[in-house]
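I opened this one to see how the pieces pack against each other. My notes follow in the order I looked things up.

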Amino acid sequence: MEGDQSELKVFISGGESTCESCLEKLGSQAWIFLAGKRSALCLNCADLDHLLFLPSGNGTLTRRAKKYSTLNAVVLKWSNARKHYERQGILVEEEAVGQAEADYLRMRN
Ligand SMILES: [Zn+2]
């Protein structure tokens, strides 16, 4: 997996999750942030809820958006078939996505 150790990670949970901070039941397929070993936080409590999801697929766009965003997190989902976490995309600031898209269009023209 690319990226350094300090990269924030958001997991799309396979089972039922509960936020340890606000105690909200997040249901299955919840997006959770793992703070420390066992505590799962909802994105709201992790202060990540303002970020926009940018799906994987466009490497250029992803790299640019990451560069522009002061805060970003990788989104990982457990694959039962492959038995490992798969990268779904990243969470970045909305403006960063806008800037990255503008760059991308400029490059293509
Ligand atoms: Zn919460």
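Which residues in helix 1 meet which residues in helix 2? I found Thr60, Leu61, Arg64, Ala65 and Tyr68 in helix 1 meeting Ala96, Val97, Gln99, Ala100, Glu101, Asp103 and Tyr104 in helix 2. I call two residues in contact if their C-beta atoms, placed from the backbone, lie within 7 Å. By class, this contact has seven nonpolar, two polar and three charged residues. My classes: Ala, Val, Leu, Ile, Met, Phe, Trp, Tyr, Cys and Pro count as nonpolar, Asp, Glu, Lys and Arg as charged, and the others, Gly among them, as polar.

**Ground rules**

This is a predicted model, where local features need pLDDT of at least 70 and side-chain atom pairs count only at pLDDT 80 or more, while totals for chains, interfaces and linings use all residues. I number residues from 1 along each chain as its sequence is written.

**Overall layout**

I get two helices and eight strands for the protein. Helices (H or I, at least four residues) and strands (E, at least two) are DSSP runs, numbered from the N terminus. Read from the N terminus, the order is β-β-β-β-β-β-α-β-β-α. Along the principal axes, the C-alpha atoms fill a box of roughly 50 × 30 × 25 Å. Of the 109 residues, 26% are buried. Here buried means that 20 or more other C-beta atoms lie within 10 Å of the residue's own, exposed means 12 or fewer, and partly exposed is in between, with C-beta atoms placed from the backbone. I also looked at contacts between residues at least 6 apart in sequence, and 44% of them join residues at least 24 apart.

**The helix pair**

Helix 1 covers residues 59-68 and helix 2 covers residues 94-108. I read an angle of about 135° between them, with the axes 8 Å apart. Axes are lines fitted to C-alpha atoms, for helices over the stretch in contact, and angles run from 0 to 180 degrees between N-to-C directions. The two helices are therefore oblique to each other; under 35 degrees would be roughly parallel, over 145 roughly antiparallel, 65 to 115 roughly perpendicular, and the rest is oblique. The crossing of helix 1 and helix 2 is right-handed, in the sense that the near helix is turned clockwise from the far one by less than a right angle (anticlockwise would be left-handed).

Which residues of helix 1 are buried? I noted Thr62, Arg64 and Ala65. They pack against strand 6, strand 8 and helix 2.

**The sheet**

Next I traced the sheet. Six strands form an open sheet of mixed pairing, in the order 5-4-1-7-8-6. Strand 5 (39-42) and strand 6 (52-55) stand at the edges with a single partner strand each, so one side of each has no neighbour in the sheet. The twist from one strand to the next averages 40°. For pairing I follow DSSP and ask for at least two bridges between the strands.

At the strand 5 edge, strand 4 (residues 31-35) pairs with strand 5 in the antiparallel sense over four bridges. Ile32 has Cys42 in strand 5 as its bridge partner.

At the strand 6 edge, strand 6 and strand 8 run antiparallel and are joined by four bridges. Leu52 stands opposite Val92 in strand 8. Strand 7 and strand 8 are also antiparallel, over eight bridges, with Val75 opposite Gly89. I then went back to helix 1: it lies across strand 6, strand 7 (72-79) and strand 8 (84-92), at about 55° to strand 8.

**Turns and loops**

Strand 7 and strand 8 make a hairpin with four residues between them, and Lys83 in the turn has a positive phi of about 60°. Ala81 is in the loop between these strands. Is Ala81 buried or exposed? Ala81 is exposed, because I count 6 other C-beta atoms within 10 Å. Its C-alpha atom is 13 Å from that of Gly14, 67 residues apart along the chain.

I checked two further loops for phi. Leu23 lies between strand 2 (17-18) and strand 3 (25-27), and has a positive phi of about 60° although it is not a glycine. Leu23 is exposed, with 9 other C-beta atoms within 10 Å. Gln29 sits in the loop between strand 3 and strand 4, with a positive phi near 60°. Gln29 is exposed, with 12 other C-beta atoms within 10 Å.
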